[in-house]
Amino acid sequence: MNNPFRVTFYSGIGEVTGANFLLEAGALRILVDCGLAQGEKMAADENRQPFAYDVASIDYLFITHAHLDHVGRIPKLVKDGFKGVIYSTLETRELAKLILADALGLLTKEAAREGLEPLYNQEDVNHVFPMWQTIPYHVETPVSATGSGATNSGLSVFLRDAGHILGSSMFRFTYKDPAGPADAPSKNIVFTGDLGNSPTPLLRDTEPVTGAQYLVMESVYGDRNHEPKDQRRKKLEDIINETAKRGGTVLIPSFSLERTQVILYELEKLVEGKLIPSMPVFVDSPLAIAVTDIYRKSENLFNDKIQAEIRGGETLFNFPKLEFTVTADMSRDIDHAKAPKIILAGSGMSTGGRMLHHEVMYLSDPKNTIIFVGYQGVGTLGRTIADGAKHLTIAAVPINIQAQIETILGYSAHKDSDHLVEFVATARESLKRVFVVMGEPKASTFLAQRLRDELGVKALYPERGVGYEL
Ligand SMILES: [Zn+2]
């Protein structure tokens, strides 16, 4: 019996969130991502279940990127006995510190409301980062054998840019059984994490996965295409101008990580080009402000166009009347600022955060506009508003929604269906099988069907908890 090379999907199948996959390569047991499952609640009840594998037996945890649905259960994993090493890019680790600190506050509040123990506490979060090491992009890095007497594990990892958020990476694991014949071919598997909607305003494009044999890929938009990207900035401009003419306020619920920075960059271009009137723009989220600071320090990871702008003297995330409101007092003062004005705040799906206060303040007035610029999960307040609900209770206040409701899907941080197919086509020659995960069931199954029909590759929607031999 050869040493195993096997993948098992524990969560993040039939759902967009909660990514958690196990790769067994010989004696090594490796997890890829350990995310929080999220829906109507910040943390769905399934997060409270024990992990379905022996946590203490896991040697390594590799993290594709710092979104909560990829990192949110790491403190629980550590609390439950994980003793191995965590690996990611440097930027993913730095962003994860902010994301987990923020999540801890929200999870603690949510648990208190429900009369439950929090999923984890500050001490559990503190234990995570001393275990977390970083690896660079584009260096084939051997994964060390663990345990007594072991030398060569036969496994190495190579990181490519996924173009999704700052520091996001795809992992290619290459395995050659060290006990097997010397001339036996090696095998590889690529985990995409989330795939960026390239070209994006700030980041580099998703790199191709030429040579991949097995592919584990996301499918959030597996069954839908976004509107063309060349219209997104114009649409944003038009909506802001129409609202400004009415003397209204524009609300943009926005994920703190990546989306806020992208929208800020777009607003900067609109302001500098005098395409919208001069008006206050508030970034009303301590987390988004801290993330923006990390973006400012990571200019080397931006695309060539941005790097050229920076060399030409451009300062990113900086334009007249832009205000970063850190404290609660500063946040409350936004209400006193005269309209027109623009408010960016979290959470991106209106499941908490300062956006709720602004929704209560502004959504009952037809002069105002709310613009959705990202995926709205099933059951979230954001989804309910985007779908056109008129009578709602937000933060215990009944609201009769009169504001204009707009959606710009071109700013999605995920590839759409056509671009996912195009991405897989880069590896068509070498692909043995594609596992389509991280999507609602109809999105994943639709994409798997497209990959089979249009590319002739073996694509499947895997079963939870079943080991697939590679
Ligand atoms: Zn993501």
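Which residues does Ile-99 touch, not counting residues up to four places away in sequence? I looked this up before anything else, and I found Ala-66, Leu-68, Val-71 and Leu-257. Contact here means that the C-beta atoms of two residues, placed from the backbone, lie within 7 Å.

**Ground rules.** I am working with a predicted model, where local features need pLDDT of at least 70, side-chain atom pairs count only at pLDDT 80 or more, and totals for chains, interfaces and linings use all residues. Residues are numbered from 1 along each chain as its sequence is written.

**Helix α3.** I noted how helices and strands are named: they are DSSP runs, numbered from the N terminus, with helices being H or I of at least four residues and strands E of at least two. Helix α3 covers residues 90-113, and its 24 residues should span 34 Å at 1.5 Å a residue; I find its end C-alpha atoms 35 Å apart, which agrees. The expected span is 1.5 Å times one less than the number of residues.

I then checked burial in α3, and the buried residues include Glu-91, Arg-93, Leu-95, Ile-99 and Leu-107. A residue is buried if 20 or more other C-beta atoms lie within 10 Å of its own, exposed if 12 or fewer, and partly exposed in between. The buried residues of α3 pack against α1 (68-71), α2 (74-79), β5 (85-88), α4 (122-128), β6 (132-134) and α7 (286-296). Just after α3, I saw that Gly-115 takes a positive phi of about 65°.

**Tyr-87.** This residue lies in strand β5. Is Tyr-87 buried or exposed? I find Tyr-87 buried, because 23 other C-beta atoms lie within 10 Å. Leaving aside its neighbours within four places in sequence, Tyr-87 is in contact with Tyr-60, Phe-62, Gln-133 and Ile-135.

**Core and domains.** I looked next at the largest nonpolar core, which has 130 residues; Leu-61, Ile-99, Leu-215 and Ile-342 have the most contacts inside it. Such a core is a set of buried Ala, Val, Leu, Ile, Met, Phe, Trp, Tyr and Cys residues joined through C-beta atoms within 7 Å. Helix α3 gives the most to this core, with seven residues. Domain 1 (5-224 + 413-469) and domain 2 (229-411) both give residues to this core, so it lies between them. The domain bounds come from an automatic or database domain assignment.

I find the C-alpha centres of domain 1 and domain 2 to be 29 Å apart. Their contact takes 23 residues from domain 1 and 24 residues from domain 2.

**The open sheet.** I traced seven strands in the order β7-β8-β9-β10-β11-β20-β21, with mixed pairing. Two strands pair if DSSP finds at least two bridges between them. The edge strands, β7 (141-142) and β21 (459-460), each pair on one side only.

At one end, β7 and β8 run antiparallel and are joined by two bridges, with Pro-142 opposite Ser-156 in β8. Strand β8 (residues 155-161) is also antiparallel to β9 (residues 169-175), through seven bridges; there Arg-160 stands opposite Met-170. Along β8, I saw Leu-155, Val-157, Leu-159 and Asp-161 pointing to one face and buried, while Ser-156, Phe-158 and Arg-160 point to the other and are not.

At the other edge, β20 (residues 433-436) and β21 run parallel, joined by two bridges. My last note here is that Val-434 has Ala-459 in β21 as its bridge partner.
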